[in-house]
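Me: I'd like a close look at one part of this model, please. Could you take me through the salt bridges and what surrounds them, in plain words?

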Amino acid sequence: MDQAPDAPPGERRRDAGATRRRLLDAARDLFAERGYEGTTVRDIAERAGANQALLFRYFGSKQGLLTEVVAQGGLEQLHATPPEELFETALRSMLTSSAAGTGDRSLEVYLRSIGRGDEATGTLRELGEQYQSALAALSGAKDGALRADLAMAWLLGIGLMRTVVAREPLASADPDTVCRLVVDALDHLWAAPSVTDPL
């Protein structure tokens, strides 16, 4: 039960809010560990210590829960971060959360869920498109969208190798070292002449 039937209204609201938070946290961790398709509603409810019916009451469906997990992490980060800081912020967040197994695990959720079920695809595609749009404006070049896709491919590739494949030495590399190497190299991508410009 979410709360005792005779609990005061204020207490019911607090209990409902806490249960909703536990469901979000459990879903975030399970989606990051197993992917969208590999996670069941029962798994999420059990980890959260809640009734499955509450998941449907608060989020409508597993897809609705995924949407909120992504929105709370990736989309929130995207909207709160200046474009010139976005790549490094996303990279550092992914590196530190994967090392600790906590924190913002949105990119882990993305990596383990993209292409793993039609229900998840729209939500995750939206996240990718918004990141691309923000990054594409950085160079001001005609091929900005291509550069943004290359940057995203590198970011997701790093995430894949570190969090899913757990390939060493990347899996245990110091986040500061990885960020420095990647961001220094990425500066050239933003500054290089457009490939569509005449020589």
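Reply: Sure. Keep in mind that this is a predicted model. The structure holds nine salt bridges, and we'll go through some of them, starting in helix H1, which covers residues 9-34.

Let's begin with Asp 25 and Arg 28. These two form a salt bridge, and their closest N and O atoms are 3.6 Å apart. That fits the cut-off, because a salt bridge needs a side-chain nitrogen of Lys or Arg within 4 Å of a carboxyl oxygen of Asp or Glu. Both residues belong to H1 and sit three residues apart, which is about one turn of the helix. Why does that spacing matter? An α-helix has 3.6 residues a turn, so residues three or four places apart point the same way. Asp 25 has a relative accessibility of 25%, so it counts as partly exposed. The pair isn't on its own, either: Arg 21, Asp 25, Arg 28 and Asp 29 are linked in a network of salt bridges.

Now follow H1 to its end, where we meet another helix. Glu 33 and Arg 47 join their side chains in a salt bridge, at 3.1 Å from N to O. Glu 33 is in H1 while Arg 47 is in helix H2 (residues 41-48), so this pair ties together parts that are 14 residues apart in sequence. Are these two buried, partly exposed or exposed? Arg 47 is partly exposed, at 41% relative accessibility, and Glu 33 is partly exposed too, with a relative accessible area of 35%.

There's another bridge to look at here, between the side chains of Arg 34 and Asp 43, with 3.0 Å from N to O. Arg 34 comes out at 38% relative accessibility and counts as partly exposed. Asp 43 has a relative accessible area of 21%, which also makes it partly exposed, because buried means under 20%.

For a contrast, stay in H1 and find Thr 19. How much of Thr 19 is accessible? Its relative accessibility is 2%, so Thr 19 counts as buried. Along the chain, Thr 19 and Ala 50 are 31 residues apart, yet their C-alpha atoms are separated by 6.9 Å.

What does H2 pack against on the way to the rest of the chain? H2 packs with helix H3 (residues 52-59) at an angle of about 100 degrees, and their axes are 8 Å apart. That makes H2 roughly perpendicular to H3. If you want to find the spot, look for Val 41, Arg 42, Ile 44 and Ala 45 in H2, which meet Gln 52, Leu 55 and Phe 56 in H3.

Finally, let's step back to the whole chain. It has nine helices and zero strands. Of its 199 residues, 42% count as buried. Take the contacts between residues at least 6 apart in sequence: 66% of them join residues at least 24 apart.

So, back to your part of the model: Asp 25 and Arg 28 pair up within H1, while Glu 33 in H1 and Arg 47 in H2 pair up between helices.

How values were computed: Residues numbered from 1 in each chain as written. Predicted model: local features only at pLDDT ≥ 70, side-chain atom pairs only at ≥ 80, totals over all residues. Heavy atoms only, no water. Helix = DSSP H or I, 4+ residues; strand = E, 2+ residues; numbered from the N terminus. Buried < 20%, exposed > 50% of the residue type's maximum accessible area, 1.4 Å probe, protein only. Axes fitted to C-alpha atoms, helices over the stretch in contact; angles between N-to-C directions. Parallel < 35°, antiparallel > 145°, perpendicular 65-115°, else oblique. Contact = heavy atoms within 4.5 Å.
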